[in-house]
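Work through the exercises below with the sequence and the 3D view at hand. Try each task before reading its solution.

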Amino acid sequence: MDEFERRSRSTPSGPVPGAPRRAESLFPPFPKGRFDVIYADPPWDYKGQLQHNGAGNRDTGGAQRHYPTVTLDDLENLDVMSISADDSLLFMWSSSPHLDQAIHLGKAWGFDWATVAFVWNKMKVNPGYYTMSQCELCLVFKRGKIPNPRGARNVKQYLEAERERHSAKPDEARQRIEEMFPGQKKIELFARVSVKGWKAWGLESNG
Ligand SMILES: C[S@@+](CC[C@H](N)C(=O)[O-])C[C@H]1O[C@@H](n2cnc3c(N)ncnc32)[C@H](O)[C@@H]1O
């Protein structure tokens, strides 16, 4: 087992301690159908660590205070392939410390790594162990070919938007994906809001 495997699998922790680690009991059922665009913001496991702890271990609030987090092992068991069209894209948010896990997860879900779709500048710095953190990345993975027909081809990667509630991603990212793929069937995984034109799936929004 290499360092990545050891780090990502060492602390089993799911939303229900001691519950059987089966995808059917951990996740709500997926809606029927296959989607061309899958937009996901997984509840990454911080292994008990609070996010953004910097010098002096100042507690600025961790994900687990806001929603249950899910281990990489359990996320891998989510059958995203079953709702993905043969030609589809997966857009996935990753915090910087989770980048290696995010690339691993996209591949485990049956996609090929493509590139960084969006770099979000949160317009505010947070303390970090190395540099002050300010940006979050939305990665893109591909299965088969890029869905057709395509919309806008001049959508920018760099996005500036003020941070809002904990973990909320800017609406602008979703809107840019809509511009790129206006006619495609789209689903948001681990969603907290339902938006016109998108199926929403997650513990906090389903429909
Ligand atoms: C990082 S947040 C998503 C934030 C969202 N993108 C936004 O902009 O507000 C992760 C979400 O995954 C949900 N979640 C946690 N465990 C889950 C599970 N087992 N199945 C489905 N959703 C889960 C959480 O409740 C939370 O809403």
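The exercises that follow concern a predicted model.

**Exercise 1.** Find which residues come nearest to the ligand, and describe the shell by class.

Solution. Start with the residues around the ligand, 17 in number. Among these, Asp 41, Pro 43, Tyr 67, Phe 190 and Arg 192 come nearest. Next, sort the shell by class: 11 residues are nonpolar, two are polar and four are charged.

**Exercise 2.** Decide whether Phe 190 is buried or exposed, and state the sign of its phi.

Solution. First locate Phe 190 in the loop between β6 (186–189) and β7 (198–201). Then count neighbours: 23 other C-beta atoms lie within 10 Å, so Phe 190 is buried. Its phi is near 60°, a positive value, and the residue is not a glycine.

**Exercise 3.** Do the same for Met 123: is it buried or exposed?

Solution. Met 123 belongs to strand β3 (residues 112–126). It has 10 C-beta neighbours inside 10 Å; the limit for exposed is 12 or fewer, so Met 123 counts as exposed. The phi of Met 123 is positive, about 65°, although this residue is not a glycine.

**Exercise 4.** Place Leu 26 in the model and give its separation from Leu 203.

Solution. Leu 26 is part of helix α2 (residues 23–26). Because 20 other C-beta atoms lie within 10 Å, Leu 26 is buried. Leu 203 is 177 residues apart from Leu 26 along the chain, while their C-alpha atoms are separated by 9.9 Å.

**Exercise 5.** What kind of peptide bond joins Asn 148 and Pro 149?

Solution. Look in the loop between β4 (133–143) and β5 (158–160), where Pro 149 is found. Omega is about -5°, and the bond joining Asn 148 and Pro 149 is cis.

Key
Residues numbered from 1 in each chain as written. Predicted model: local features only at pLDDT ≥ 70, side-chain atom pairs only at ≥ 80, totals over all residues. Near = placed C-beta within 6 Å. Nonpolar A, V, L, I, M, F, W, Y, C, P; charged D, E, K, R; others polar. Helix = DSSP H or I, 4+ residues; strand = E, 2+ residues; numbered from the N terminus.
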